[in-house]
Each structure stands twice: as structure tokens, then as C-alpha cells.
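Me: Please take a close look at one strand in this structure. I would like to know how it is placed and what it pairs with.

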Amino acid sequence: MNNFKKLFYEDGAFFISIPALLWQLLFLILPISIMFIASFLIYKSGTFTKFTFEHYKSVFDLPHFYVIFRSVILAFFNSTLCLIFAYPVAYYLSIRTTRYKNLSLFFLTLPFWINFLVHIYSWFFILDYAGLLNSLLIKLGIIKTPVHFINTVGSIMLVMLHGYLPFMILPLYTVLEKLDKKLIEASLDLGATRTYTFFRIVLPLSYTGASAGFFLVFVLSFGEFLIPALLGGGKTLFVGTLISEYFLMLGSLPQGAAFTFVSALILILSLLFCRLLLKYFFRGR
Amino acid sequence: MIRIYSKFFIRILMVLFWILIIIFYVYSPIVTNLLPSKKTLNVYCWVDVIDENSIREFEKETGIDVNLSFYEHNFELLSKLEITQGKDYDLIFVTDFVIPLLIKANLLQPIDSSKLDFWNDIEPSLFNKEFDPGNKYSAPYQWDIYVVGYNKKLYPNGVPAKDWSLIFDRNIMPKHIGMLEESNEAFMVGAQYLFKNTNDITEEKLEKIKDLLIAQKPNVESYVDLRASDLLSSGAAPVAVGQSAYITRPMKFSKNISFYVPSEGSFAVFDSFVIPKYSDKLELIYKFLDFVNRKSSVKKITERYFYLPNRKDLLMEGKFELGSYQEIQDLLKKVSIFSTNIPIKKLNECWMEVKSY
Amino acid sequence: MFGKIKNIFLPSMVFFIYAFLYLPILIMAIFSFNKASIGFKWIGFTTEWYQKLFYSDEIWYVFKNSLIVALSAVFLSVTIGVALVWGLYRKNTKLLSLFYSNIMIPEIVSSVSLLSLFILFSIPLGLNALVIGHTLLGLGFVIPILNVRFQELNYNLIEASLDLGANIWTTFFKVVLPFLVPAIVSASLLVFIVSLDDFLIAFFCSDSTSQTLSLYIYSTIRAGVSPLVNALSTLMLVGSSVLVLLFIYISLKFIPENND
């Protein structure tokens with residue numbers, strides 16, 4: 001009887017575990033695999049025909065390839081800027097021990113939960129040619145005619161920084177918080193300056209958090225769709241917008257799939273490169 | 001041995017069971033669509049087409065629920081319709097050049113104009129265009145002409161040229177212009193400028209226009225012509241191309257805006273309602289069409305969104321920036337329509353190249 | 001001395017970053033009460049835009065759609081998420097790390113591949129399709145959160161319950177589930193917010209009947225600045241903040257508790 005019970009429990013556990021696993025398999029792993037296979041086929045009038053590399057070849061045609069690199073550079077700059085601006089905040093919060101710490105953390109992560117479109121729209125409001133910033137600058141006499149803030153790459157970068165900063169602050173804070181303060185004390189006691197302590201002790205120890213945040217922001221900004229679409233004036237295409245155009249405008253599944261995978265490959269290569277950079281910067285030779 | 005074998009077998013059964021349940025859930029909309037539906041109409045259009053208050057009036061009058069869904073680009077519509085075969089939509093509002101493509105893809109059903117009250121009130125010259133001879137499938141609702149708007153304050157002595165060269169010629173083009181968004185619009189306009197007509201657009205011609213558009217790109221402030229009115233009224237762009245509705249909208253409260261119809265010739269679009277093939281709510285659809293084409297409804301839309309109305313009486317009575325009824329008639333005779341004879345795939349590929357430059 | 005600069009420099013930088021994060025939305029919220037429909041002159045205080053929102057059928061319709069999808073996604077992802085983590089409890093927990101990648105994959109890739117799947121298998125688009133996609137996203141949040149909570153579960157309790165004669169299901173419902181409640185609630189709130197916030201999956205996989213709030217805002221934003229969108233955005237801002245406050249409150253309240 002006990003044997004049967006054991007069996008029942010084992011199978012019972014298996015039974016209830018299936019849906020989630022199936023979900024992941026059917027709706028994430030399967031579609032991506034299908035897309036991968038489809039990128040090697042030709043899709044004409046609803047059916048797949050022969051095997052071909054021509055989709056991948058056409059991705060390397062100059063303008064489309066250029067878009068991928070543009071996205072890599074954008075993602076890189078965004079991640080770096082986020083890192084630069086997030087670090088002081090995370091560090092400051094981690095060394096403060098007031099009771100407002102949790103509250104400050106809460107307020108820092110709150111923008112993350114607010115609908116992204118709302119964020120973008122609020123920037124629209126400010127950066128528009130007849131928007132708040134221009135009106136303010138003119139009133140203060142700093143400029144005579146409004147500046148074209150919006151519809152430029154600059155505005156895209158600014159809003160991306162705004163959107164991804166919380167993503168970077170959290171992992172950094174988590175790692176810096178767990179940092180043993182005694183190490184810093186010890187270093188200072190041994191006669192090191194604060195700067196030396198920071199660069200040789202704190203920075204290397206925060207590497208895991210920094211790299212986690214950096215990679216997260218990098219991957220997410222690489223595939224960004226909304227910000228370039230709404231704030232770029234349709235002028236600059238990035239990987240996200242281009243993929244959507246492939247699928248919705250051209251309606252060519254294999255081509256879009258091929259482009260997606262090439263971009264993914266380049267993304268992974270860039271990530272590996274950035275990993276080396278970060279390691280060098282944080283941990284030294 | 002048998003125990004292990006049957007255990008494996010049972011587990012396979014379990015997996016199949018769950019797969020069946022998921023399949024059932026995933027395909028369930030097909031089943032629910034077969035059920036007799038309530039009195040609801042699903043209309044697919046873009047943002048500034050139908051007035052919300054009118055819809056509420058309609059719902060009150062007839063008890064039919066109307067659900068609006070928005071789309072942004074005509075090609076987006078085409079792709080979505082090809083995927084879903086238009087099965088969930090009851091009424092679609094499209095631009096003219098899409099209609100022959102939809103007819104060819106067998107996605108539309110004919111409109112029985114005898115069942116519509118307002119058919120005789122429509123301006124006759126809106127009928128029988130080449131995209132739908134005899135208007136078998138489409139009911140024209142709004143139409144408009146592409147014009148070039150400009151900011152009078154920034155051009156005190158008037159514009160240097162009243163044709164398409166103002167947006168293409170490097171010597172007179174301003175630093176910031178508002179350009180058109182969809183591929184067919186941009187390429188037709190380019191063709192008009194380069195070749196003075198839009199007949200026989202071959203792939204080579206498309207390449208040349210593509211180079212022209214790439215050369216134009218550094219001066220383009222934004223490709224979103226929906227915001228042309230914002231661009232002009234705020235002064236962000238001294239010149240903007242768009243449908244006359246987008247250009248004349250801000251003229252009400254900004255006296256600095258003016259426009260012209262390019263002398264080489266311009267284009268008109270006839271945005272029409274079409275009925276997807278699989279919709280069976282014909283009675284509801286006709287009721288809806290009758291309602292939105294009533295004089296009062298069309299008047300409200302025209303006054304709010306500035307598109308040109310389809311009704312002859314409103315065209316004659318209303319005051320339009322484009323001119324009197326007779327002037328509008330003359331314009332209608334001269335404008336061309338976006339031709340559908342151009343190779344669409346090549347067109348979109350070239351446009352993607354321009355956009356990704 | 002250098003340290004003193006740090007004492008002034010750091011806090012001011014932190015302050016500016018907070019301002020950077022919050023000013024735009026606060027300004028937008030303030031202007032949603034502005035009487036003027038265009039421009040930035042403060043004409044007068046009014047709630048007319050909120051009233052217009054309230055009476056707008058269109059907005060209630062898209063809100064209803066978003067709500068249906070969000071609630072279904074929460075229900076589905078939490079149920080099968082709990083089932084999975086419980087089923088794998090103390091067994092094959094390595095399998096759970098499969099789900100950690102859901103957040104890392106750029107949403108454009110997952111939405112586009114879902115669309116491809118739907119096209120290829122003629123799966124009808126619409127609310128169901130959206131629920132599928134959002135559940136997928138939700139699992140990526142539910143599983144890590146529940147896993148952490150499960151690690152805190154004291155196995156002795158379960159053993160005790162089983163020894164006392166209860167079968168595994170009673171044990172689950174009477175012992176494990178109450179322990180999981182805070183994690184379940186916080187995971188649900190998270191998935192709810194993520195689902196309401198989602199744009200890309202809705203953009204690719206919706207049809208005429210499944211217009212969601214994000215899609216609606218997107219269409220209206222493209223046409224330019226509008227005070228109605230200001231008001232709607234402010235409402236969403238307030239809504240999200242309330243939900244996040246709830247989330248934090250619940251997680252903070254239950255963390256010190258270990259058993260019972």
C-alpha cells in the first residue's frame with residue numbers, strides 16, 4: 001500500500017507540474033525553434049518550401065545590418081550611462097542606515113512599475129517643440145527659439161536612461177548592501193585613502209551586481225521598440241522597430257526570423273565583449 | 001518491468017491530457033465565434049475617424065454595441081487581415097489603395113447599396129474610382145487631398161515654389177520638414193516630383209525615388225504625418241506634407257498656417273468602409289452605415305476632424321479651406337489616386353531602406 | 001576633505017536622480033488638471049478631463065479588456081506556477097531555472113515568435129492569445145518568487161503532517177498553502193501590473209475585439225498631446241502606485257514570519 005502511495009505521489013507531482021512546463025515549452029521554446037527553422041525556408045502562399053540561406057544573406061545587406069550595430073551602440077551607451085548614474089545612488093543608499101532606507105528604495109523602484117507608455121508620454125509633454133522645457137528655457141531667456149529636442153537620437157537616449165535606471169539600481173544596491181562594511185573599515189584602518197578603498201575594494205566586490213544590471217539593461221535596450229517608435233519621429237530604426245516592420249509591414253516571416261536571430265547572435269557577441277570590458281574595469285588585470 | 005512500462009505510459013497519457021486541455025483553450029475562440037453573437041459590431045479603423053458621441057447615440061438608438069479597434073498603418077492592417085482572414089471584424093475602414101489588394105485576397109464581401117439610404121446623397125464624383133469600379137465593395141466615407149502646409153510667419157514673402165520641389169529640392173527645402181508616413185504615400189509623391197506622373201512605376205523607378213527620399217531624410221523632422229498639425233502650429237517644422245485635414249485642423253486657432261496644392265498634381269485618398277467576407281451581421285452593419293452617413297453625423301465629423309465629407313449636400317453647403325464646391329470639383333478631376341500597380345514588396349523594401357538609413 | 005565633498009556630492013546627485021525619475025510624470029499629472037487642451041499655460045484647475053474619461057465608453061471597453069486579460073493571466077500563472085514548484089519540491093528544482101530566462105528575453109522576440117506560432121497553427125488571435133502571452137510573462141515572475149518562499153518552508157512541518165496521517169493533498173491545502181499566501185499575493189500583484197503594462201504582446205497578437213489599454217494609449221499618443229491621455233496616464237500612475245504599495249506592504253509584513 002505504501003509503495004502504491006509513493007507511486008501516486010510521484011505521479012501526482014508529475015501530473016501537476018506538467019502545465020507550467022508545457023506552457024513554457026509550447027509557447028516560448030517551440031515558437032522560437034519554429035522561427036529558427038523557418039528562417040531557413042521560403043514561405044510562399046501559406047506553405048514552406050525549400051531550404052535556403054538567402055534570408056540570412058539578405059540580412060547582411062548594408063542598411064539592415066547597420067541597424068543592428070546602431071542598436072548595439074545605443075544599448076551600450078544606455079547601459080554605461082545607467083551604470084554611471086545608478087552607482088552613486090545605490091552606493092549612497094547602501095551606506096545610509098536611516099529608517100528611510102526602505103522608503104527611498106520603494107520610491108526608486110516605483111517608476112519601474114508604472115506603465116512605460118505613461119513615462120514616454122510624460123517626456124513627450126516636456127520635450128515637445130512647443131513643450132514645457134522649451135517654454136521654460138525661452139521664458140528664462142536662455143534660448144531665443146525652441147530647440148528640437150524631440151525626434152532626435154538624443155531624446156531617445158534620454159528617455160531610455162530614464163526608463164532603465166531602476167533596472168540598474170536594484171541589482172547594484174542588493175550587492176552593495178551585502179558588502180561587509182568591516183572590509184571598508186579595515187582598509188581605512190590600514191591607511192588607505194577613501195578613493196583607494198573605493199576603487200580597489202568596493203568596486204571589484206560590486207562586480208556581480210553591476211554586471212547583472214548591465215547585462216539586463218543591455219539586452220532590454222537592444223530590443224527596445226516603443227521609445228524609438230514614439231520619440232524618434234520614425235526616422236531612426238532600431239532592431240526592435242525593424243523586427244516589427246518585418247512582421248507587420250512586409251509580412252515576411254522567414255526574413256524577420258533570420259533578422260531576429262542574426263541580431264540575437266550579435267547581441268550575445270556584444271555581451272561577451274562587454275563582459276570582458278566590465279571585468280577589466282571592475283576587477284583589474 | 002511492467003510497472004516501469006505502465007508508469008511511462010501513464011505519464012505520456014498525462015502529458016497528452018494537458019496538451020488537449022491547452023489546445024482546447026487556445027482554439028476556443030473559433031467555437032465561441034460560431035455561437036450566435038449578441039448585437040455587437042466590431043469596427044476596425046484608425047484613431048480620428050468616428051466620433052465617440054455619435055457611437056453612443058447609435059448605441060442608444062439601436063441597442064447595438066459598437067467596439068472600435070485602432071490600427072496605425074495600412075500595411076499593418078493587410079498583414080493582420082491576412083493572418084486572421086478578417087474573421088473577427090464586422091466593418092473595416094481602409095484607405096482606397098488597400099481595397100483592390102483585399103478584393104484580390106478574397107477577404108471582402110460586396111455591399112448591397114440598395115439597402116443603404118444614404119447612397120444617393122453621396123457626391124457622385126466620389127464613385128467609380130479605379131480601385132473599386134462600380135463601388136461593389138466599398139462605401140466612401142471620407143476623402144481628402146494631399147497638400148503642403150507651411151508656416152506663414154517663417155515665409156513672410158511666400159513660399160519659393162508651390163510644388164513638390166519645396167520638400168525635395170535641396171536649394172529651397174527648409175531644415176525641418178514633416179514628411180509622410182506610409183510607403184505608398186512617400187513613393188507616389190516622389191514619383192510625382194521626379195517623373196511628373198505616377199504611371200508605370202517600375203522597380204528601377206522605385207530605386208531612383210528611394211535615392212531621392214534618402215537624400216531628403218536629413219531634413220525630415222518627423223515621418224509621422226498624424227502630428228503634422230502639431231509640427232506646423234508649434235513651428236517645429238516650417239513645411240509639412242499631409243492630408244488637408246491634418247493641415248487645416250490647426251488653422252482654426254493658428255493664423256500662421258497656410259497651404260497649397262502642388263502644381264504638378266496631387267493625390268486624393270478615398271477612405272471607405274468595407275465589409276469582411278466572414279461577417280454575418282449584415283443587418284447591423286447596414287444600420288451602422290446608415291447612421292454614420294446621416295447628414296448630422298457626417299457634419300459633426302467634418303467639423304471635428306476636417307476631412308472632406310462624402311455627402312453632396314454638405315460639400316455644397318460647407319466652407320472648406322480648399323475652396324468652393326466648384327473648386328473642389330475641379331480639384332477632384334485633376335488629382336490622381338495611389339495606384340496599386342506598383343510592386344508592393346519592392347516598394348516596402350525600398351521604404352525600409354529609407355527608414356533604416 | 002575629499003570625504004566631505006562626497007558627503008555633499010553624493011546626496012545631491014541622488015536627489016537629482018530622484019527628480020529625474022519623477023519630475024516628468026508629476027508634471028504630466030499636474031497638467032492633467034489644466035483647463036487648456038493645448039499648450040502649457042496654466043489656465044485653471046479642472047477635473048473635466050477626468051469626467052470625460054469616466055463617460056467615455058471607449059475607455060471602459062479597453063479597460064475591461066485589459067482587466068480580463070490581466071486577471072486571467074494572474075489566475076493561470078499563479079495556479080500552474082504553484083503547481084509546478086510544489087510538484088518539483090525537493091526534487092528536480094534545477095528545472096525551475098528554465099523559467100528565469102522569461103524576463104531576460106527581450107519582449108519583442110517573445111511576442112514575435114508567439115505571433116509566428118499563431119500564424120502557423122491558425123490559432124485565432126484575440127483575448128485568449130493575449131492571456132497566453134501574459135501567462136508566459138507571469139510565470140517568469142511567479143516561479144522565482146514562489147521558489148524563494150518554498151525554500152523557507154520547513155520540511156519538518158510537512159513530515160509531521162504526513163506522519164499524523166494526513167494525505168499529501170490535505171497537507172498541501174492545510175499546511176503549505178497558508179504559508180505560501182504572502183508570496184502568492186505579491187506574485188499576483190506583480191503579474192497583474194506587468195500584464196496591464198504590456199504593450200508588445202498586445203500589439204502583435206490582438207485582433208479587433210481585444211484592444212487593450214496600452215494599445216489605446218499608444219494610438220492616441222501618436223496623434224499628439226491630448227489632455228485626456230494626461231488624465232488617463234495620471235489615473236494609471238495612481239493605480240500602479242497603489243498596487244505596488246500593497247505589494248511592498250504585504251512582503252514586508254510577512255517576511256519576519258517563518259511558520260504558522
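Reply: What follows describes one strand of chain B and its partners, and then, for contrast of topic, a helix pair in chain C.

The model is predicted. The strand is S1 of chain B, residues 40–45. Five of its six residues are buried, so S1(B) is largely enclosed by the rest of the structure. A residue is called buried here when 20 or more other C-beta atoms lie within 10 Å of its own.

S1(B) has a parallel pairing with strand S2 of chain B, residues 65–70, and six bridges make up this pairing. One of the bridge partners can be named: B:Thr40 is matched with B:Asp65 in S2(B). Between S1(B) and S2(B) the chain runs through helix H2 of chain B, residues 52–62, and the resulting β-α-β crossover is right-handed.

S1(B) also pairs with strand S3 of chain B, residues 91–94, again in the parallel sense, over two bridges. Here B:Val43 lies opposite B:Leu91 of S3(B).

Turning to chain C, helix H3 (residues 57–87) packs against helix H6 (residues 127–151). Their axes are 7 Å apart and meet at an angle of about 40°. Angles under 35 degrees would count as roughly parallel, and those from 65 to 115 as roughly perpendicular; H3(C) and H6(C) are therefore oblique to each other. The crossing of H3(C) past H6(C) is right-handed. In the contact between H3(C) and H6(C), 17 residues are nonpolar and eight are polar, with no charged residue.

Technical notes: Residues are numbered from 1 along each chain as its sequence is written. Chains are lettered from A and ligands numbered from 1 in the order in which they are written. This is a predicted model: local features need pLDDT of at least 70, side-chain atom pairs count only at pLDDT 80 or more; totals for chains, interfaces and linings use all residues. Axes are lines fitted to C-alpha atoms, for helices over the stretch in contact, and angles run from 0 to 180 degrees between N-to-C directions. Helices (H or I, at least four residues) and strands (E, at least two) are DSSP runs, numbered from the N terminus. Angles under 35 degrees count as roughly parallel, over 145 as roughly antiparallel, 65 to 115 as roughly perpendicular and the rest as oblique. A crossing is left-handed if the near helix is turned anticlockwise from the far one by less than a right angle, and right-handed if clockwise. Ala, Val, Leu, Ile, Met, Phe, Trp, Tyr, Cys and Pro count as nonpolar, Asp, Glu, Lys and Arg as charged, and the others, Gly among them, as polar. A residue is buried if 20 or more other C-beta atoms lie within 10 Å of its own, exposed if 12 or fewer, and partly exposed in between; C-beta atoms are placed from the backbone. Two strands pair if DSSP finds at least two bridges between them. A crossover is right-handed if, with the strands pointing away from the viewer, the path from the first strand over the helix to the second runs clockwise.
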